[in-house]
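Visitor: Please take me through this model, and for each term you use, tell me what it rests on.

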Amino acid sequence: MGPNSGGGMQASDTVAIEVEVNGRAEAHTVAARTLLVHYLRETVGLTGTHIGCDTSSCGACTVLLDGESVKSCTVLAAQAHGHSITTIEGLASADDLHPMQQAFQDHHGLQCGYCTAGMVLAAVSLATEHTDLDGPAVRVGLEGNLCRCTGYHNIVAAVVAGAAAMQSGQPVAP
Amino acid sequence: MIPAPFAFARADSVDAAVAALTEHGDEAKLVAGGHSLLPLMKLRLATPTVLIDVNDVVGLDGIHEDGDEIVVGSLVRHAALVTSPVVRAHTPLLAAAAAEVGDPQVRHRGTLAGSLAHGDPAADLPAAFLALRGSVTARSATGTRRIEADDFFVGFLETALAPDEMITEVRLPKCAGAGWAFEKFTHRAQDWAIVGVAAVGGDRPGVALVNMGGTPIRAAAVEKALRSGATADAAAELADTESDPSADRNASAEFRRHLARVLTRRALLDVAGRGAPAA
C-alpha cells in the first residue's frame, strides 16, 4: 500500500506488534489479518487458548486483555499492540494454581476440558468485576462460554468458590 | 476463519482517521471493538482493503453531561454503559439495553458508536438510540454534522454516514424520571433478539423495535396512540403496524408480529410502573 497523504499514517499488510503475554514482552511482525488467537497459538506458541466455534459464540478462546475477558477469535493481533494479554498459561504461580484453577479442580468443573481455559479466564474476569457472586449471577456471567459436557453445575460451583477465594485471598477449601 | 487480506493502520487522532477515510474512500473501514465488523470479515461478507484502527485515539472513551443531553464518546464500550453512573441516572434504558448485548466478552470490546454505524436491525442498541431520540456527531475532513436518530438508519446495514465520516460521539437526551423498558426475546441466553422492544415514557414517549424490518425501526403508531392517551394494551396492538419482519429459521414473520405486540405491551406496562408519578 502506498503511504497516506496527510497525517503520515501508513496502512500496511504487515504490522509490527509489541505485546506483553503473561508478563513477558513479545515482539513480532504479523500479517495484518492475523487473529489474536492464532498469534497466541502459532506465533507465541501458547496452545492453551483453544479455538472452538470461531464465531465469537462459544468462549473457548477467551483470554484477558488488560485484565478483561475477550474472545481472541474476534480481536486482531494488531489490536493487542501495547496491551497485556493473560492466557491460561499465565494464571498459576510457580508453586500454586490460581484460586480459580484450584476451584475448578476441587469442584471438578470440567469433563473433556476443551472449554475449560476459556471458562477459567472468563470467571477470573467476572470475579474481578463483581463481588458476592452467587450461582445465578455466575450463570448469567458465563453466558458467553459454552460447555457441551458438564451441564454447568460443577462449573458454577467452581466459579462461586473460586470467586470467593480470589476475594478473600485465601486458598480454596475443597 | 481468517479475514481476506487488508492493510492496517493505527490512527492516533480523529483527524488522522478521517484523513485516511478520505484517502481510501469506500475501500476503508474504521474499527474499534470490531465485534460487528470482524465477524463479517471472517465470513468474507465484508472485505475492506484498508482497516483503520481508532482504539488509540485519545478523548473518545468518556461519558459526560452536556446540558440536557448525555454525551457518549465513540470508544465507550458496552460494559461502560452498563456501569456508568451518568448513563444509569439519565438514560437507564441505554444501560439496560447495553447489558443485553452479547455476553461479557462482547461487552468488553463492542462500542455504542460501532453498533450504530453497523446499523444491524437485529442489534439491541440501535433500538434504544431510536427510542431515546439520540443523535450522532459525525466528523469528516470538511466539517462536523449532527445526524438525528430518525435520519440515521437508511437501509439494511446502511446508515446516513458518508464513507469519509467518523462518529465521534453519541448524544442522548436526558430522561431521568421517565419510565423505560427493554424487552428481548431470545431462544438462548447470548442470542441475538428474535424480536426486541426499547421503550421510554414521559411527555414524548419513544418505542422502537429490534429485528422487525430491514433497519432498526420506530413504532410510530404506538407512540402516537400513547400521546393520544391510549392504554398500554391498546397502543401495543399497533406495535407491528410499520414493521416488515423477515421469516427465518428462528421465527415466521407472523410470529415476529405477535412477539412485537406482546413485548410492547410488557414494555409499556414496565414503563408505566417505573415512571415518576404525575405531579
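Guide: In this predicted model, the side chain of Arg218(B) makes a polar contact with the side chain of Asp150(B), at 2.9 Å.

Visitor: What makes the pair of Arg218(B) and Asp150(B) a polar contact?

Guide: A polar contact needs N or O atoms within 3.5 Å, one able to donate a hydrogen and the other to accept it, and the side chains of Arg218(B) and Asp150(B) come to 2.9 Å, so the pair is counted under that cut-off. The side chain of Arg218(B) also reaches the backbone oxygen of Leu130(B), at 2.8 Å.

Visitor: Why is Arg218(B) called buried?

Guide: The label buried is kept for residues under 20% relative accessible area, and Arg218(B) has 13%, so it is called buried. Arg218(B) lies in strand E14 of chain B, residues 217–218, and, leaving aside neighbours within four places in sequence, is in contact with residues including Arg133(B), Gly206(B), Glu223(B) and Glu242(B).

Visitor: How do you know that Glu223(B) and Arg133(B) form a salt bridge?

Guide: The rule asks for a side-chain nitrogen of Lys or Arg within 4 Å of a carboxyl oxygen of Asp or Glu, and the closest N and O atoms of Glu223(B) and Arg133(B) are 3.1 Å apart, so the pair meets it. Glu223(B) lies in helix H10 of chain B and Arg133(B) in the loop between helix H8 and strand E6, so the salt bridge ties together parts that are 90 residues apart in sequence. Glu223(B) and Arg133(B) are both buried.

Visitor: Why do Arg10(B) and Asp56(B) count as a salt bridge, and are these residues buried or partly exposed?

Guide: Their side chains meet at 3.9 Å, N to O, and the cut-off is 4 Å, so the pair is counted. Arg10(B) sits in strand E1 of chain B and Asp56(B) in the loop between strand E3 and strand E4, 46 residues apart. Partly exposed covers what lies between the buried limit of 20% and the exposed limit of 50%; Arg10(B), with a relative accessible area of 25%, is therefore partly exposed, and Asp56(B), at 35%, counts as partly exposed as well.

Visitor: What makes Glu65(B) and Lys174(B) a link between separate parts of the chain?

Guide: The side chains of Glu65(B) and Lys174(B) meet in a salt bridge at 2.7 Å, N to O. Glu65(B) lies in strand E4 of chain B and Lys174(B) in the loop between strand E10 and E11, so the pair ties together parts that are 109 residues apart in sequence. Glu65(B) is partly exposed at 42%, and Lys174(B) is partly exposed at 27%.

Visitor: Why is strand E11 of chain B described as mostly covered?

Guide: Five of the six residues in E11(B), residues 180–185, are buried, and buried means under 20% relative accessible area, so the description rests on that count.

Visitor: How do you know that E11(B) and strand E12 of chain B pair?

Guide: At least two bridges are required, and E11(B) and E12(B) have six, in the antiparallel sense, so they count as paired. Within this pairing Trp180(B) stands opposite Val200(B).

Visitor: What makes E1(A) and E2(A) a pair, and what lies between them?

Guide: Eight bridges join E1(A) to E2(A), which run antiparallel, and the requirement is at least two, so these strands pair too. E1(A) and E2(A) form a hairpin with two residues between them, and Asn22(A) in the turn has a positive phi of about 55°. Glu18(A) stands opposite Ala27(A) in E2(A).

Visitor: What describes the interface of chain A and chain B?

Guide: The contact takes 40 residues from chain A and 38 residues from chain B, and the area buried between the chains is about 3,100 Å², of which carbon and sulfur atoms give 56%. Met9(A), Arg33(A) and Glu143(A) supply 24% of the area that chain A buries against chain B, more than any other three residues.

Visitor: Why is the pair of Lys42(B) and Asp54(A) called a salt bridge?

Guide: Their side chains meet at 2.7 Å, N to O, which is within the 4 Å cut-off, so the name applies. Across the interface of chain A and chain B the rule finds three salt bridges.

How values were computed:
Residues are numbered from 1 along each chain as its sequence is written. Chains are lettered from A and ligands numbered from 1 in the order in which they are written. This is a predicted model: local features need pLDDT of at least 70, side-chain atom pairs count only at pLDDT 80 or more; totals for chains, interfaces and linings use all residues. Side-chain values use heavy atoms; hydrogens and water are left out. Helices (H or I, at least four residues) and strands (E, at least two) are DSSP runs, numbered from the N terminus. Buried means under 20% relative accessible area, exposed over 50%, partly exposed in between (1.4 Å probe, protein chains only). Contact means heavy atoms within 4.5 Å. Buried area is the accessible area (1.4 Å probe) that two parts lose on being put together, summed over both.
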